[in-house]
Amino acid sequence: MAAATTTSSSSIPFSTKPSSSKSPLPISRFTLPFSLNPNKSSSSSRRRGIKSTSLSISAVLNTTANVSTTTPPSKPTKPEKKKFVSRFAPDQPRKGADILVEALERQGVETVFAYPGGASMEIHQALTRSSSIRNVLPRHEQGGVFAAEGYARSTGKPGICIATSGPGATNLVSGLADALLDSVPLVAITGQVPRRMIGTDAFQETPIVEVTRSITKHNYLVMDVEDIPRIVEEAFFLATSGRPGPVLVDVPKDIQQQLAIPNWEQSMRLPGYMSRMPKPPEDSHLEQIVRLVSESKKPVLYVGGGCLNSSEELGRFVELTGIPVASTLMGLGAYPCDDELSLHMLGMHGTVYANYSVEHSDLLLAFGVRFDDRVTGKLEAFASRAKIVHIDIDSAEIGKNKTPHVSVCGDVKLALQGMNKVLENRAEERKLDFGVWRSELNEQKQKFPLSFKTFGEAIPPQYAIQVLDELTDGKAIISTGVGQHQMWAAQFYKYKKPRQWLSSAGLGAMGFGLPAAIGASVANPDAIVVDIDGDGSFIMNVQELATIRVENLPVKILILNNQHLGMVMQWEDRFYKANRAHTYLGNPAAEDEIFPNMLQFASACGIPAARVTKKAELREAIQKMLDTPGPYLLDVICPHQEHVLPMIPSGGTFNDVITEGDGRTKY
């Protein structure tokens, strides 16, 4: 029987032999976590363009039921690792939880973000027996998964979070969805009720495999302790290969407690996934793209998060061609924002000149992007004059929103290396000169620079970020929440390298900034890490101040506090006649007071803090924040009337761009 395919899978025993649990598995009232038709992937997978992956049938260990009868694809070659020394003797039985923790150690895991509970206690007990894994204890599971994302986004390595069953597991949902949309490698491990109780509505039972099916790249329900080594290896491979994403491993408590001798030599069972792995790009396709570049007059690069691992190759491609670069929100830093060929960000709140370049280009080189609606606006009008070249590792993204003229499904890094080789070999015969086009774009830069207005002593939020950029020389790792402050941080901080910018882009999850800064600080202890946050986003995970203090992480928190849910308020101003519909976050009974008092939150956790209200005092206040050892919170009071500009209204076109006005004007 060929392996069944589905978007995410659980490991359910189908063997007629008794499982290692002495109780039969009861029929659950929840839907089965796999497709009944092994040749048909779920409709939701097709709709969302998510790649299907092989169902793991964990209990069938001694049969070929989940192995394709055709010639299996070769196992991926892995770099030689240093010999792992286990703390157990080879023939020594140990608990499933210890096997799980050792499997993490064998994957090189050094840090996890884990919050304990009844169904995951055994894992935490095993973690205390590990000498190489550090647990950073979040104060909420959502804080844990966002911290794991911050760790992953700032390093490119998988982030690991652990939660208990039921509400602990469901608290991971936003982070898993966020990681899927932004292609972040994540391995989430959850405790589950004992196997005999699955499907009985036991205390703190949720079918987390089912809950997370459409928001993970793949998932597992471990039903045999013998499978733990293989499943963990597969989880890490799936999370980091191809288009990265989150993988969930659900481990029942009795599996964690069961004694076993692990077999570390098991092979991965991913025939379907391996057969769909993208191949290296063909030279003929790359030569065709280079030919299109040489024939164009107004080319522009549209680069996204898929280019974060190929910054060096991208820089060389720009050096060889002289093509200007527009970045998505996810792609910031892939090409230095302070370079003369950078057009900075495009899209709804992108620069006028970046959007102008796409509007007037004759060749759009879309590398590692997915033509998101916040970039394209009205799809029919986006890059309507241009031939489109789309390179992406995920075949589901090719042609999903915008049909390209030339497409390459593969690793952008390999594609750029190949094109650079072609360009270097034919430098003499392909002399590229886009000087006239660059001059045209430079005129737009002069005409429509990013700017802001100052009103009296009030602090423009854009100015606060500009000062931070100057004082850190553009070298800090910046995390954000979601809203106006996020867009200003994208616009006014000049990112020089990839993985400096950590933000919830696709999902837009408020509360992301503070825990993401924790993960980044843990992963990069010598870096300056600043959470630029809004008062609304900050308070959603304010409890993580306790983690920052206990771990003594030097996270700097810059709150742009306008007492409102800023971005929604901006839309109210523009499209709802400034009618306030629950976007005021202060105390209506005392509007002249700053509420809540962020300084007292910091004080409660022993973190030094200050408030600044005047523009003239801002630079000194930010410098003090940066100079103070350890964590620090700076509450920057800003006028709520500020709008993020430029702005292309949702579904609009370049011709609809708004460059003037704020909440002081009626529309």
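This is a short tour of a predicted model, with stops to select one after another in your viewer.

**The whole protein**

Start with everything shown. The protein has 667 residues, and 57% of them are buried. Colour by secondary structure and you will be looking at 24 helices and 22 strands. If you switch on a surface, about 27500 Å² is exposed, with carbon and sulfur atoms supplying 52% of that area. A contact map is worth a glance too: among contacts with a separation of 6 or more, 76% join residues 24 or more positions apart.

**First stop: α4 and α6**

Now select residues 141-155, which form helix α4, together with residues 173-181, helix α6. Their axes are 8 Å apart and meet at an angle of about 25 degrees. Angles under 35 degrees count as roughly parallel, and α4 and α6 are therefore roughly parallel to each other. Show side chains at the contact: α4 brings Gln 142, Val 145, Phe 146, Glu 149 and Arg 153, while α6 brings Ser 174, Gly 175, Leu 176, Asp 178 and Ala 179. By character, the residues of this contact are 4 nonpolar, 3 polar and 3 charged.

**Second stop: α13 and α16**

Next, pick residues 352-360 for helix α13 and residues 435-447 for helix α16. Here the packing angle is about 145 degrees, and the axes lie 9 Å apart. Turn the view to look along the crossing, which is right-handed. On the α13 side, select Val 352, Tyr 353, Tyr 356, Ser 357 and His 360; they meet Trp 437, Glu 440, Leu 441, Gln 444 and Lys 445 of α16. This contact divides into 5 nonpolar, 3 polar and 2 charged residues.

**Third stop: Ile 594**

Move on to the loop between α22 (566-575) and α23 (598-604), where you will find Ile 594. Is Ile 594 buried or partly exposed? Its relative accessibility is 26%, so Ile 594 counts as partly exposed. Leaving aside residues up to four places away in sequence, Ile 594 touches Asn 561, Gln 563, Arg 611, Asp 635 and Ile 637. Try a distance label on one of these pairs: Ile 594 and Ile 637 are 43 residues apart in sequence, with their C-alpha atoms 8.6 Å apart.

**Last stop: Thr 653**

Finally, select Thr 653, in the segment after β22 (632-637). Which residues does Thr 653 touch, not counting those up to four places away in sequence? Display Lys 378, Ala 381 and Ile 648 to see them. The relative accessible area of Thr 653 is 17%, and buried means under 20%, so Thr 653 is buried.

How values were computed. Residues are numbered from 1 along each chain as its sequence is written. This is a predicted model: local features need pLDDT of at least 70, side-chain atom pairs count only at pLDDT 80 or more; totals for chains, interfaces and linings use all residues. Side-chain values use heavy atoms; hydrogens and water are left out. Axes are lines fitted to C-alpha atoms, for helices over the stretch in contact, and angles run from 0 to 180 degrees between N-to-C directions. Helices (H or I, at least four residues) and strands (E, at least two) are DSSP runs, numbered from the N terminus. Angles under 35 degrees count as roughly parallel, over 145 as roughly antiparallel, 65 to 115 as roughly perpendicular and the rest as oblique. Contact means heavy atoms within 4.5 Å. Ala, Val, Leu, Ile, Met, Phe, Trp, Tyr, Cys and Pro count as nonpolar, Asp, Glu, Lys and Arg as charged, and the others, Gly among them, as polar. Buried means under 20% relative accessible area, exposed over 50%, partly exposed in between (1.4 Å probe, protein chains only). Accessible areas come from the Shrake-Rupley method with a 1.4 Å probe; for residues, only the protein chains shown count as cover. A crossing is left-handed if the near helix is turned anticlockwise from the far one by less than a right angle, and right-handed if clockwise.
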